[in-house]
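The following exercises are to be worked through with the sequence and the three-dimensional structure in view. Each task is followed by a solution in steps.

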Amino acid sequence: MREAQTVLALDIGGTKMLAALVRGETVVDSLKVPTPRDMGGPAQWLEALFAQIEHWKGAYGCVGVAVTGIVDDGLWSPLNRRTLDFPDRFPLLETVGALSGVSAIAANDAQAAAWGEYRFGEAEGNLVFLTVSTGIGGGIVIDGRLRTGLAGHFGLLRGQDFEGAGGDDSALEDHVSGNFIAASAAAQRPGATSHDVFDAAARGAVWANDIIDRSARRVAILCRNIQLTFDPDRIVIGGGIGLAPGYRARIEAQLDHVPERLKPQLVAARLGERAGVVGIADLALQNTTQNQVKQ
Ligand code: BMX
């Protein structure tokens with residue numbers, strides 16, 4: 001009984017991989033490691049991860065994998081190679097099924113997080129989840145249904161001259177996300193990470209505050225457009241940058257002048273960085289239950 005309700009949940013993003021044993025919204029055990037972007041590809045990343053959680057074998061009844069990028073028919077592909085690069089159509093479900101020995105499902109990381117916040121978060125009603133992290137991901141839950149496929153890939157929006165970011169063919173996230181913040185600091189601090197920029201900003205460095213404000217201003221514009229597109233009750237902000245101290249307040253400061261009826265209501269992800277694993281675990285359990293019913 002215990003194992004059956006326990007799910008092995010993986011959240012593989014552009015910067016980190018989180019593995020967790022999940023029951024409901026509870027993370028019973030977890031392991032976080034950097035995504036070894038420069039080491040081989042998905043097959044090696046998953047082998048290395050499963051080697052480190054070998055001791056969890058037998059403790060879970062099914063697996064859920066949330067990944068950056070898109071999963072079509074169990075095949076995993078990146079959409080923005082700057083966020084994470086690997087060859088298209090990696091046989092994700094087959095590989096995870098073989099490594100775990102149990103049934104597996106897979107979904108986009110931000111969509112899984114949106115479902116986690118919908119099921120266990122603060123947000124009532126229709127929500128849009130926005131993760132500002134290595135890239136910018138999004139998940140949409142309307143009338144209790146999670147939108148899948150490309151739905152919510154806000155980080156890949158093009159053509160809008162985001163405030164001088166240049167209406168060229170690059171993706172919005174390349175002008176906003178963690179990668180952008182780190183790259184923008186190169187002049188002042190070669191090799192700085194986005195964390196370093198937030199630390200410098202907290203110490204009052206003007207250049208660092210300027211970079212973060214530019215990022216937050218572009219996310220504020222995105223939130224206004226999301227409000228006009230889906231009119232959600234809440235926009236839930238998550239991700240390493242989205243949850244960084246003061247970042248959401250900077251976005252809200254850019255929305256002060258927006259008329260009440262057009263103003264997006266932003267909330268922090270209640271599940272924090274667990275949103276993805278909790279969401280995919282719930283989807284995996286639903287899938288297992290449905291399959292049992294069918295039999
Ligand atoms: C990119 C895209 C999305 C993802 C988002 C956040 C890739 C590899 N990923 O827009 O699928 O949801 O980044 O990803 O094309 P994260 O790695 O920052 O969590």
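**Exercise 1.** Leaving aside its neighbours within four places in sequence, determine which residues Q254 is in contact with.

*Solution.*
Step 1. Contact means heavy atoms within 4.5 Å. By this criterion, and with neighbours within four places in sequence left aside, Q254 touches R217 and A220.
Step 2. The model is a predicted one, in which local features need pLDDT of at least 70 and side-chain atom pairs count only at pLDDT 80 or more, while totals for chains, interfaces and linings use all residues. Residues are numbered from 1 along each chain as its sequence is written, and side-chain values use heavy atoms, with hydrogens and water left out.
Step 3. Q254 belongs to the loop between α8 and β13; helices (H or I, at least four residues) and strands (E, at least two) are DSSP runs, numbered from the N terminus.
Step 4. With a relative accessible area of 27%, Q254 is partly exposed. Buried denotes under 20% relative accessible area, exposed over 50%, and partly exposed in between (1.4 Å probe, protein chains only).
Step 5. From C-alpha to C-alpha, Q254 and S194 are 21 Å apart in space, and 60 residues separate them in sequence.

**Exercise 2.** Establish how the two faces of strand β4 are covered, and identify the strands with which β4 pairs.

*Solution.*
Step 1. Strand β4 spans residues 62–67, and six of its six residues are buried.
Step 2. In a regular strand the side chains alternate between the two faces of the sheet. In β4, C62, G64 and A66 lie on one side and V63, V65 and V67 on the other, and all of these are buried.
Step 3. Two strands pair if DSSP finds at least two bridges between them. Strand β1 (residues 7–12) runs parallel to β4 and is joined to it by six bridges; within this pairing, I12 has V67 as its bridge partner in β4.
Step 4. Strand β8 (residues 104–108) also pairs with β4 in the parallel sense, over five bridges. Here A66 stands opposite A107 of β8.

**Exercise 3.** State how many salt bridges the structure holds, and describe where the partners of R119 and R261 lie.

*Solution.*
Step 1. Side chains of opposite charge can pair when their charged atoms come close. A salt bridge is counted when a side-chain nitrogen of Lys or Arg is within 4 Å of a carboxyl oxygen of Asp or Glu. The structure holds ten of them.
Step 2. R119 and D282 form a salt bridge through their side chains, at 2.9 Å from N to O. R119 is in helix α4 (residues 109–120) and D282 in helix α9, so this pair ties together parts that are 163 residues apart in sequence. R119 is partly exposed at 39% relative accessible area, whereas D282, at 11%, counts as buried.
Step 3. R261 forms a salt bridge with D231, their closest N and O atoms being 2.8 Å apart. Because R261 lies in the loop between α8 (247–253) and β13, and D231 in the loop between α7 (206–230) and β12 (234–238), the pair ties together parts 30 residues apart in sequence. R261 is exposed, with a relative accessible area of 59%; D231 is partly exposed, with 37%.
Step 4. In addition, R81, D85 and D88 are joined into one network by salt bridges that share partners.
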